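Subject: Structure for your review

Dear colleague,

Please find below the structure that I am handing over to you. I would be grateful if you kept it open while reading the notes that follow it.

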Amino acid sequence: MKDLAKTFDYLKQFLTEDRLTKIEHFSQESSDFILPVMDDVYQFRNAAAIIRSVEACAFHKVVAMEEENVFDPSLTVTKGAETWVEVEKMPKNVASLQNIKDRGYKIMAVSLEKNAVMLPDYQIKEPIALVFGTEKEGVSEEVLDFADETLAIPMYGWTKSYNVSVAAAICMYELKQKLMKSDIDYKLTDEKLMKMKIRWAVNSMRSGQQIFEKYLKDHDLAI
């Protein structure tokens, strides 16, 4: 933590007072308790809208499992949200899902299959990785077979599915509300929080990555 704090203190000198104030303010609600996972989602507008919704709910990380498609958000749709959301790319396979599970996440597929729990009824008790499928196919059978549970959004009209970006927005918002009303300690640990603030500072600066890497090299650090 000491090295992290010193690194952030060094980077502060390159930030405006306004940007530093915003980093301090918006980082406080950040959480990785809900981890959105994209199951080979490919439409760039949907990818961008998902990034935007994730950031708006302060989850700040997305895992994109890729197979045939590249997760490539449209920057005109994200409205800058990509600056604050970390996208971790993984191959689409069971090993990636197991990797996520080994981090302490319950794997939940957003699907009506397998006796899905309806979102309003879901009682969140542990960190969950919420897997969203493609627009056409939905969540793959591979994911459904691996998932611990499935989660569904109630629909009351003729339409029987939501656009994937809309589904993500609804889930992120509803789960955020559930967390905020609970007694769960869902926010980032001090170490994760500091690492995120460093990433935000770097992304806020022109040539930020080069400045950051030089500082690490000069001080023989690996962060």
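How much surface does the protein chain expose, and what share of it do carbon and sulfur atoms supply? The protein chain exposes about 12,100 Å², and carbon and sulfur atoms supply 49% of that area. Please bear in mind that this is a predicted model.

**The chain as a whole**

The secondary structure consists of nine helices and seven strands. The radius of gyration of the protein chain is 18 Å, close to the 17 Å that the globule rule gives for 223 residues, so the chain is as compact as a globular protein of that length. Along the principal axes, the C-alpha atoms fill a box of roughly 55 × 40 × 30 Å. Of the 223 residues, 46% are buried. If one takes the contacts with a separation of 6 or more, 80% of them join residues 24 or more positions apart.

**Helix α5**

Helix α5 covers residues 94-102, and S96, L97 and I100 are buried in it. Why do these residues lie on the same side of α5? They cover an arc of only 100° around the axis, which puts them on the same side of the helix. A general rule helps here: an α-helix has 3.6 residues a turn, so residues three or four places apart point the same way.

The cover over the buried residues of α5 includes the strands β1, β2 (61-66), β3 (86-91), β4 (106-110) and β6 (128-132), together with helix α6 (141-146). On the face turned away from the buried side, α5 carries the exposed residues A95 and D102.

Both ends of this helix deserve attention. At the N-terminal end, N93 acts as a cap, with a side-chain oxygen 3.2 Å from the backbone nitrogen of A95. After α5 comes G104, whose phi is positive, near 105°.

**A buried serine in a loop**

S30 is located in the loop between α2 (17-27) and β1 (34-39). Is S30 buried or exposed? Its relative accessible area is 1%, so S30 is buried, the cut-off being under 20%. The side chain of S30 also makes a polar contact, at 2.7 Å, with the side chain of H60. Apart from residues up to four places away in sequence, S30 touches A58, F59, H60, K187, L188 and M196.

**Helices α8 and α9**

M194 belongs to helix α8, which runs over residues 190-204. With 13% relative accessibility, M194 counts as buried. Leaving out residues up to four places away in sequence, M194 touches M1, L4, A5 and F8. Y215 is 21 residues from M194 along the chain, and the C-alpha atoms of the two are separated by 16 Å.

F212 is part of helix α9, residues 208-218. F212 is buried, with a relative accessible area of 10%. When neighbours within four places in sequence are set aside, F212 is in contact with T7, L11, I198 and V202. V202 is ten residues from F212 in sequence, and their C-alpha atoms are 6.7 Å apart.

**Positive phi values**

Most residues other than glycine have a negative phi. Which phi value does N115 have? Phi of N115 is near 55°, a positive value, and N115 is not a glycine. N115 sits in the loop between β4 and β5 (117-118), and its relative accessibility of 77% makes N115 exposed.

S207, which is not a glycine either, has a positive phi of about 60°. S207 is found in the loop between α8 and α9. At 41% relative accessibility, S207 counts as partly exposed.

**Cysteines**

How many disulfides does the structure hold? The structure holds zero disulfides. C57 is in no disulfide, and the nearest cysteine sulfur, that of C171, is 10 Å away. C171 is likewise in no disulfide, and for C171 the nearest cysteine sulfur is that of C57. A disulfide requires two cysteine sulfur atoms within 2.5 Å, so a separation of 10 Å does not qualify. C57 is buried, with a relative accessible area of 9%, and C171 is also buried, at 0% relative accessibility.

With kind regards

Definitions and conventions
Residues are numbered from 1 along each chain as its sequence is written. This is a predicted model: local features need pLDDT of at least 70, side-chain atom pairs count only at pLDDT 80 or more; totals for chains, interfaces and linings use all residues. Side-chain values use heavy atoms; hydrogens and water are left out. Helices (H or I, at least four residues) and strands (E, at least two) are DSSP runs, numbered from the N terminus. Buried means under 20% relative accessible area, exposed over 50%, partly exposed in between (1.4 Å probe, protein chains only). A polar contact is a pair of N or O atoms within 3.5 Å; within protein, one must be able to donate a hydrogen and the other to accept it, and residues adjacent in sequence count only if both atoms are side-chain atoms. Contact means heavy atoms within 4.5 Å. The arc is that of the directions from the helix axis to the C-beta atoms. The radius of gyration is taken over C-alpha atoms; the globule rule is 2.2 Å times the number of residues to the power 0.38. Accessible areas come from the Shrake-Rupley method with a 1.4 Å probe; for residues, only the protein chains shown count as cover.
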